[in-house]
Amino acid sequence: MTTRVQARHRADVRPLTPLTDLGETLSRHAAGVGRAGAVAAATGGLLATVALPAAAAPAAAPAAVGNVATVGTAVSAGLTTAVDSAFGTTAVGVVSAPAEAAAVTTLAAFSTVPTPAPPPVVVVERSERSTADAPVVEASVHQAAVDAALAVEAVPAAAPAPAPAPAPAPAPAPAPSLGQQILAVADDYAGVPYVYGGSTPAGFDCSGYTSYVMRQVGVSLPRTANAQLGASARVSRDQAVPGDLVFFTDGGRAYHVGIYAGDGMMWDAPRSGKPVQLRSVWSDSAVYGRVAAVA
């Protein structure tokens, strides 16, 4: 007995069974009689029939082999089939297989393949968070502000710009000339009253005033106006500079003296009742003399 095992899949090809060769042989014999019969090999139920075309077939149904055991018996003893009335009358005939034909019983072995287990289902549980677990926005903002402040502190401060170089000290003013020094001292005693024969700040006459001022800057002069004229070197009016002496003469003798201030002006002790002052050189015949390098 052949056991039939249900396979999982069957390819769409023509099946080959022990009845395949037998059916082809019967077809060749039926062609020799006159008309070809139809030989059908049904492997699903293992059914074999020999018949004429449907137009000549009688009402009787062909014999069938019902299962594998019956097929095996029919192959061994001969196939019983219904012969069409074209051969005379409907009768049961015996179709003999060729002598070399052999009944072949094929056993098909199949193995069952277990159905793979379905993939595991991942279940995501949604956690229920309370409002107490929610992040606090204020804390986050505060932390962000702290982080920003720390980042600012971490940035090294830019080095201060170097201080500008100190401006060079101004060049010292040139020392005043001797003539400028003489004029400065002469101005200090402006307003001192005229005193005949006076040679101190308590009162001056003309030669007493000039000799006192010159002595303050290191220049020594004789006491009288005419002696001072003799001690000086003559210069023209155009050559005279501040600090030179101005003499007023009569008959070649000097009777009055003052200190030239430039631009036609002079410092002197005029006369009684007139204090030391700055005034114009009042005579065009005045004589100029230089007692030191005043320029």
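This passage describes aromatic ring pairs and strand pairing in a predicted model.

Aromatic contacts come first. A pair of aromatic rings is described by the distance of the centres and the angle of the planes. Six aromatic pairs are counted in the model. One of them joins Tyr189 and Tyr212. Its centres lie 5.4 Å apart, with 85° between the planes. The geometry is edge-to-face, because planes over 60 degrees apart fall in that class. The two residues belong to distant parts of the chain, 23 residues apart. Tyr189 sits in the loop between helix 4 (178–188) and strand 5 (199–200). Tyr212 lies in helix 5 (residues 206–216). Tyr212 also pairs with Phe204. Here the centres are again 5.4 Å apart, but the planes meet at 45° and the pair is tilted.

Accessibility was computed for these residues. Tyr189 has a relative accessible area of 17% and is buried. Tyr212 is buried at 14%. Phe204, at 0% relative accessibility, is buried as well. Ring pairs connect Tyr189, Phe204, Tyr209 and Tyr212 into a cluster.

Strand pairing follows. Strand 8 (residues 245–250) runs antiparallel to strand 9 (residues 253–262). Six bridges join them. Leu245 has Ile259 of strand 9 as its bridge partner. The two strands, 8 and 9, form a hairpin with two residues between them. Gly251 is in the turn and has a positive phi of about 70°. Strand 8 also pairs with strand 12 (residues 287–290). That pairing is antiparallel and spans three bridges. In it, Val246 stands opposite Tyr288 of strand 12. Strand 8 thus pairs with strand 9 and with strand 12.

Technical notes:
Residues numbered from 1 in each chain as written. Predicted model: local features only at pLDDT ≥ 70, side-chain atom pairs only at ≥ 80, totals over all residues. Heavy atoms only, no water. Phe/Tyr/Trp six-rings, centres within 6.5 Å; stacked < 30°, edge-to-face > 60°. Helix = DSSP H or I, 4+ residues; strand = E, 2+ residues; numbered from the N terminus. Buried < 20%, exposed > 50% of the residue type's maximum accessible area, 1.4 Å probe, protein only. Pairing = 2+ DSSP bridges.
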